Amino acid sequence: MYRDSERQKLFTRRVAVLGAGKAVLLATLAGRMYYLQVIEADRYAMLADENRINFRLLAPPRGRIVDRQGAPLADNRQNYRILLIAENVPGGQVSETLDRLGQLVDLEPSDRKRILRDVKRNRSFVPVTIRDNMEWADITKIEVNTPDLPGIMIDVGQSRHYPDASAMSHVLGYVAAVSESEIGDDPLLELPGFRIGKAGVERVHDLALRGSGGTSQVEVNAFGRVIRELSRNDGQSGAELGLTIDKDIQLKTAELLKDESAACVVMDVHSGDVLALVSTPGFDPNAFNRGLSEAEWQGLIKNDKKPLVNKAVAGRYPPGSTFKMVVALAALERGVINPDNKVFCSGYVELGNARFHCWKRRGHGAMNLHSAIKESCDVYFYEIARRTGIDRIAAMSRRLGLGDVTGIDLPGESDGLIPDKAWKDAVLSEPWHAGETLIAGIGQGYILTTPLQLCVMTARLVNGGFAVLPRLTRAIEPRFEEAAVETDSPEDDSVSFADLGLRQSSVTAVLDAMNAVVNIPGGTAYRSRISEPGMAMGGKTGTAQVRRITKSEREQGVRKNKDLPWKFRDHALFVGYAPVESPKYAVAVVVEHGGSGSKAAAPIAKEILLETQRRMGTVPVSMAPKMKTSETGEG
Amino acid sequence: MARRRDALNPPDMTIVEKLMHMNWFFVLLLALTASVGVAMLYSAASGDFYPWAQRHIVRFGVGLVLLIVVALVDIRFWLKHAYTLYAGVLLLLIGVEVMGTVGMGAQRWIDLGYVTVQPSELMKIALVLALARYFHGVSLDDVGHISKLVIPIFLIVAPTGLVLRQPDLGTALMLAMGGGVILFAAGVRIWVFLGVGVSAIAMMPVAWQFLHDYQKQRVLTFLNPENDPLGAGYHIIQSKIALGSGGVFGKGFLEGTQSHLHFLPEMQTDFIFTMLAEEFGMVGGIALLALYTVILIYSFVFAIVCGSQFGRLVAVGVTATFFLYVFINIAMVMGLIPVVGVPLPLISYGGTAMLTLLTGFGLLLGVHVHKDVFLGRLSTGEE
């Protein structure tokens, strides 16, 4: 028979070997567990967190912009938009999803193209904006249908809103979508629908207004769905920007300039606070935020009146007769004349074989400083300019703030042009001609100024001779922070500007004449005088030639400005200040191709100064430098 | 079935006697393991008995009844019908080739109307029975003869080949290795195993040609999972991350981030150990291994103390099958071997494996209950 006990012994031995083998294998498993869960535990813990934790960027609310009284000029509105997250669209069927969405809301073919392009360009989890500024009715339609629209998300964002639209357009500028070349280090700029300032203070103070992005740490599952938020850092809201602008004065000014191609700046002569800065025509900054249609864009860039240019800081105009105060001061300061010196105006003056006409063909007769400014006699200023010389005139111009940027926080400021001999030699490589000095004496020729510079010039004349500079930003206050940081210039008006060192007697002589321009019969702006007690203004008209009326035109009977095509007509200018007894506000108005300063510009300046004094008061807040001007000789 | 009643052939035990001889502590160990499964399936459903945990309980209950029935059946019945059962299951396997439905990319199921049967699972038991029966009738001397190995090798190769064709690499490996263990325990000479081992290694390049693309992919991915982190390597990378991030004490019950955020695939079936180790850490993993080890030790003891070669071989075969389930599954989820799709015994969700295992354990307990029953050299038990 067989030996079962032998067989059992062999079996037992073999089973012992098997058991040992299994023990070794089980020990291997335990060892592997130790390796993974103890030795490599930290690495895998990190990998597990990387799997499940996503960082999402949160856009901070953009800071508001308010006027000097705190009235909002730019704020944020709730904006419903629909987004598409490509990775949540099953099978990447983005265009099918858009088809279904198209049955609920309008989708332009151009929108579709943009969406598909954006989807391709971005990583699949980056939301792409389908439509912005949605109507509530459309949103509810989509909300109901969300189960059929995987990957479509409704988002409540904030969009910039400018309540005053075009009246503020050149001060505020606008925000618009980030263009590819602007994407830099700040990851916020890559957020869909993120807006940055593209013009005005929105652009200059973009970083402060923007704030800093927050982050949200969310737990996601393997399909990218957010399960919960683990932590959140809201970031820093944009700072609130306080402007020196007074909303009411600004609106009034914009209304007065209406559809003219014009610019106006109103300033506090002591502090430099810009109370209004208007360039017309304006544009609707809300349209830029929303996105302009091709037609709207063409309408803006083809308009002869150039609505996109901020003429108040970027427009370069010959100052015309408003420059005569500068020439007068230069002459008085150098002792070339005294106020009572007489010059006889016969209607023209001859230099070499050239003849220089006064605007009054018949001539003014004997003119002193006072009457020459009051009646804007050109011959008088030809003469004293010739006596003073271009370099001295240029030096005085610069002291009064012409020929260089004022440094106002607006983009695109022009420096204008104050010519002198060195300039002509350097730029044109030609010697200076004496005739050019004469032309400069009446603010024509090479001289170019901006309305803002003219306002600064006026302010420096009337504030006692201090080198005031314009200030547009009152305060930048980061919200949600313990201490609001004030800008360097405090709220009150006791800003110390350097004394220009002008002789009091010279300034008084000039201001007396400016007073007469408006308030004495025969003055070029007498029709625009302010009769409200204590609010009277002084000023100076200017009419700047854009192009000489040619001999052939003269022969064809074109004598008057209004007979010319619009773009060849004279610019109308006026610089003024009020109240005359103790000047507090300066204004500069330029109406492009408006005709004469006395008819087109002075009446506007009158209304603006009246409005400004009514709103702001006539008494300087702080100790204004004592300035005595002569009595208003009113008729 | 006339039997002499003497010292070698005691009278048949009554049902009550058999129940009293049953090792109920072992049953308790199985129930304990299954309840770990219930807990993990509850967690896999994010804290819900539906859909997996409750059905797991039902299946274990049904399986437990089956286990007791199998354990009570006289061991001579199994001896007598071992070949018949084997032949029947082999026919079913062939049937799968003909009419099997395609599930999970492999033909494995026979649809019998309201139940689906996985013949390859049944074969794990049938093969153990057939091989045990064969070697029960082979003397110690004959085991050494190479000619005596033809039949058992055929018994192993036939189902293994069919299962490979399906293709189901995991089950084929388990059949081959389970069969090999019985041959080893039966006393087949060591050099035979060495010879087979060497030739298997030599055959590898040839075998590679016969592997399906997805099987090749799995092997390649196993060798370097980071090669294809979002494709085939994804499973194993995520599994290792889950395990490793569990650390020593785990993230807590229902707190496994990898599992509950669906980074871990198939967590209710093949990767359930990963989930356990993520939520209960190395402590939990080792505890489960210890539980399995205790079951293994009991199984070995059952095998060793059995009076009949058939019983011993059945016991060792069932034990080997159980061990292979455990080892292949855990080694797979830890990235030690390629992903082959073997469930974790008594814990993974899945009916067929549960029934196979509990039937096997039924046999094992039956072997122990009937350890003193004399079995003649011939299969019929008759002289």
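**Note on a predicted two-chain model**

1. In this predicted model, helix α5(B) and helix α8(B) cross in a right-handed sense. The two helices, α5 (residues 119–136) of chain B and α8(B), pack at an angle of about 15°, and their axes lie 10 Å apart; that angle makes α5(B) roughly parallel to α8(B). On the α5(B) side the residues that meet the partner helix include Ser120(B), Met123(B), Lys124(B) and Leu127(B), and on the α8(B) side they include Gly178(B), Gly179(B), Ile182(B) and Ala186(B). Sorted by class, the contact of α5(B) with α8(B) has 10 nonpolar, four polar and one charged residues.

2. A second helix pair in chain B joins α2 (residues 24–44) and α13(B), whose axes come within 10 Å and cross at roughly 165°. The two helices α2(B) and α13(B) are therefore roughly antiparallel to each other, and their crossing is left-handed. Among the residues that α2(B) brings to this contact are Phe26(B), Leu29(B), Leu32(B) and Val36(B), while α13(B) answers with residues including Leu288(B), Leu291(B), Val294(B) and Tyr298(B). By class, the contact of α2(B) with α13(B) has 14 nonpolar, two polar and one charged residues.

3. Both α8(B) and α13(B) return at the interface between the chains, where the contact takes 41 residues from chain B and 36 residues from chain A. On the side of chain B that touches chain A, the elements giving two or more residues are α8 (169–186), α11 (234–246), α12 (257–260), α13 (272–305) and α14 (309–333) of chain B. Helix α13(B) supplies the largest share of that side, with 11 residues. The side of chain B that touches chain A has, by class, 25 nonpolar, 13 polar and three charged residues.

4. Turning to chain A, five strands form an open sheet in the order β12-β11-β20-β19-β18, with antiparallel pairing. Strands β12 (274–280) and β18 (538–544) of chain A stand at the edges with a single partner strand each, so one side of each is left without a neighbour in the sheet. From one strand to the next the twist averages 5°. Helix α9 (residues 247–257) of chain A packs on this sheet and touches β11 (262–268) and β12 of chain A, its direction making about 30° with that of β12(A). At the other edge, β18(A) runs antiparallel to β19 (residues 571–578) of chain A, to which seven bridges join it, and Gly538(A) stands opposite Tyr577(A) in β19(A).

5. A three-stranded open sheet in chain A has the order β1-β8-β9, again with antiparallel pairing. Its edges are β1 (53–58) and β9 (226–233) of chain A, each of which has a single partner strand, so one side of each is left without a neighbour in the sheet. Neighbouring strands of this sheet are turned by 30° against each other on average, direction ignored. Six bridges join β8 (residues 214–220) of chain A to β9(A) in the antiparallel sense, and Val220(A) stands opposite Val226(A) in β9(A).

6. Strand β3 (residues 72–84) of chain A has several pairings that merit inspection together. With β2 (residues 65–66) of chain A it pairs in the antiparallel sense over two bridges, Pro72(A) in β3(A) being the bridge partner of Val66(A). β2(A) and β3(A) form a hairpin with five residues between them, and Gly70(A) in the turn has a positive phi of about 95°. In addition, 10 bridges join β3(A) to the antiparallel strand β5 (residues 152–161) of chain A, where Val156(A) is the bridge partner of Tyr80(A). Three bridges join β3(A) to β4 (residues 128–131) of chain A, also antiparallel, and there the bridge partner of Leu83(A) is Thr129(A).

7. On confidence, chain A averages a pLDDT of 86, and 91% of its residues score at least 70. Among the elements of chain A, helix α19 (residues 451–462) has the highest mean pLDDT, 96, and helix α21 (residues 551–555) has the lowest, 66. Two stretches call for a separate remark. Over residues 480–493 of chain A pLDDT stays under 50, and the model has 19 contacts beyond four places in sequence for them; over residues 621–635 of chain A pLDDT likewise stays under 50, with 31 such contacts in the model.

Conventions. Residues numbered from 1 in each chain as written. Chains lettered and ligands numbered in written order. Predicted model: local features only at pLDDT ≥ 70, side-chain atom pairs only at ≥ 80, totals over all residues. Contact = placed C-beta atoms within 7 Å. Helix = DSSP H or I, 4+ residues; strand = E, 2+ residues; numbered from the N terminus. Nonpolar A, V, L, I, M, F, W, Y, C, P; charged D, E, K, R; others polar. Axes fitted to C-alpha atoms, helices over the stretch in contact; angles between N-to-C directions. Parallel < 35°, antiparallel > 145°, perpendicular 65-115°, else oblique. Left-handed = near helix turned anticlockwise from the far one by under 90°. Pairing = 2+ DSSP bridges. pLDDT = per-residue confidence, 0-100.
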